[in-house]
Every structure is written in structure tokens, then in C-alpha cells.
Amino acid sequence: MDSSSIQLPDTEIAGVNLSEGQLRVHLARAYLVKTMTGSDEKTQWWQAGDLVLDEAEVHGALPDGPALCAGGDVEENVYVYRDMIPVPLDSRGRCRCDLALKDSAQRITADGTAVRLEMRDVPKYIRHIRD
């Protein structure tokens, strides 16, 4: 089975906004790793998109401007995704994001009732990953 996931470390965050209870983490350059069935190699791509939490309750102040993600957790129901987000992601139920930012003590931390990824355009190829 083919699979794709966003690798959170080094993902470029263009900004974060909270409007009418909806939290959007704008991913200017999210790094995806794709694995194809029957292949030992993986490929790396980049794509822009938003991580969206509905009915979000934010904990702490949100960052003012762009930042690099250092990693973190995205939770949906009983699953915890550490330093990655599966693509696609669209889930209702208890959810949470807790993202660390490089060179900052600030975090993006929020709970919500639904979480999804809204990716834009098409992924752009970067390279093959050979183990």
C-alpha cells in the first residue's frame, strides 16, 4: 500500500490564525515522504497546505510570524503522530496539536473536535531517499 506523511521537523510555518473557533496552521513548505508498494526507496516532496482544528481551544500565545517547526505531536482520537502527520488526514473527535518551534520556547498547542489537512496545489519532487 502506498503511503504519504508530512515530516514535521523543518516544515516551514507561514503563520497561525484563530478565527471563529477554527485554528489554521499555514504550512508554506511541508516536507512529505512517500513510500510506494514494492519499493525499497522512498521519495521526498514538498507541498503547501493548512493543518486545521475545529472548535479549537488554544493554550498559550500563538506565534506572530513565520517559523520552522522543530517537531511535535498531532493527536486524533486514540492515535498520536509524533513528528509526522499522515496524508490524507480528516477526522472528527478529540484532537490536539502540540508543535515546537525552532529557536523558540513558544509552541502551537490546541485541542479541538476535528482535525484535517487541506493541501494546496500538487506536491513538488525533491529527491529519492535511499536507506
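What follows is a short exchange about how the labels on this predicted model were earned.

Reader: What makes a feature count in this model?

Author: Since the model is predicted, local features need pLDDT of at least 70 and side-chain atom pairs count only at pLDDT 80 or more, while totals for chains, interfaces and linings use all residues. Residues are numbered from 1 along each chain as its sequence is written, and side-chain values use heavy atoms, with hydrogens and water left out.

Reader: Which elements does the protein hold, and how many strands are there?

Author: There are 10 strands and zero helices. Both are DSSP runs numbered from the N terminus, with helices being H or I of at least four residues and strands being E of at least two. Read from the N terminus, the order is β-β-β-β-β-β-β-β-β-β.

Reader: Why is the protein called as compact as a globular protein of that length?

Author: The radius of gyration is taken over C-alpha atoms, and the globule rule is 2.2 Å times the number of residues to the power 0.38. For 131 residues the rule gives 14 Å, and the protein's own value is 14 Å, close to it, so the label fits. The C-alpha trace spans about 45 × 30 × 25 Å along its principal axes.

Reader: How do you know that β1 and β2 are paired?

Author: Two strands pair if DSSP finds at least two bridges between them. Strand β1 and strand β2 (residues 22–35) have 12, and they run antiparallel. One example is S4, which stands opposite K34 in β2. The two strands form a hairpin with two residues between them, and E20 in the turn has a positive phi of about 50°.

Reader: What joins β2 to β3?

Author: Here 11 bridges join β2 to strand β3 (residues 42–54), again in an antiparallel arrangement. L27 has G49 in β3 as its bridge partner. This hairpin has six residues between the strands, and G38 takes a positive phi near 85°.

Reader: What makes K102 and D10 a salt bridge?

Author: The term asks for a side-chain nitrogen of Lys or Arg within 4 Å of a carboxyl oxygen of Asp or Glu. K102 and D10 meet at 2.3 Å, N to O, so the pair qualifies. The pair links distant parts of the chain: K102 sits in the loop between β8 (90–101) and β9 (107–119), D10 in strand β1 (residues 3–19), 92 residues apart. The structure holds 10 salt bridges.

Reader: Why are K102 and D10 called partly exposed?

Author: Buried means under 20% relative accessible area, exposed over 50%, and partly exposed in between (1.4 Å probe, protein chains only). K102 is at 35%, so it counts as partly exposed. D10, at 34%, gets that label too.

Reader: What about R82 and D73: buried or exposed?

Author: R82 has 57%, so it is exposed, whereas D73 has 14% and therefore counts as buried. Their closest N and O atoms are 2.6 Å apart, which makes a salt bridge.

Reader: How do you know that R96 and D111 tie together separate parts of the chain?

Author: Their salt bridge has its closest N and O atoms 3.1 Å apart. R96 lies in strand β8 and D111 in strand β9, so the pair ties together parts that are 15 residues apart in sequence. R96 is partly exposed at 23%, and D111 is partly exposed at 23%. Elsewhere, salt bridges that share partners join R24, D50, D54, R116, E118 and R120 into one network.

Reader: Why is the pair of W45 and Y125 called edge-to-face?

Author: Rings of Phe, Tyr and Trp (its six-membered ring) pair if their centres lie within 6.5 Å; planes under 30 degrees apart count as stacked, over 60 as edge-to-face and the rest as tilted. The structure holds two aromatic pairs. W45 and Y125 are 5.4 Å centre to centre with 80° between the planes, so the pair is edge-to-face. W45 lies in strand β3 and Y125 in strand β10 (residues 124–129), 80 residues apart.

Reader: And what makes Y79 and Y81 stacked?

Author: Their planes are 10° apart and their centres 6.3 Å apart, so the stacked label holds. Y79 is partly exposed at 49%, but Y81 is buried at 15%.
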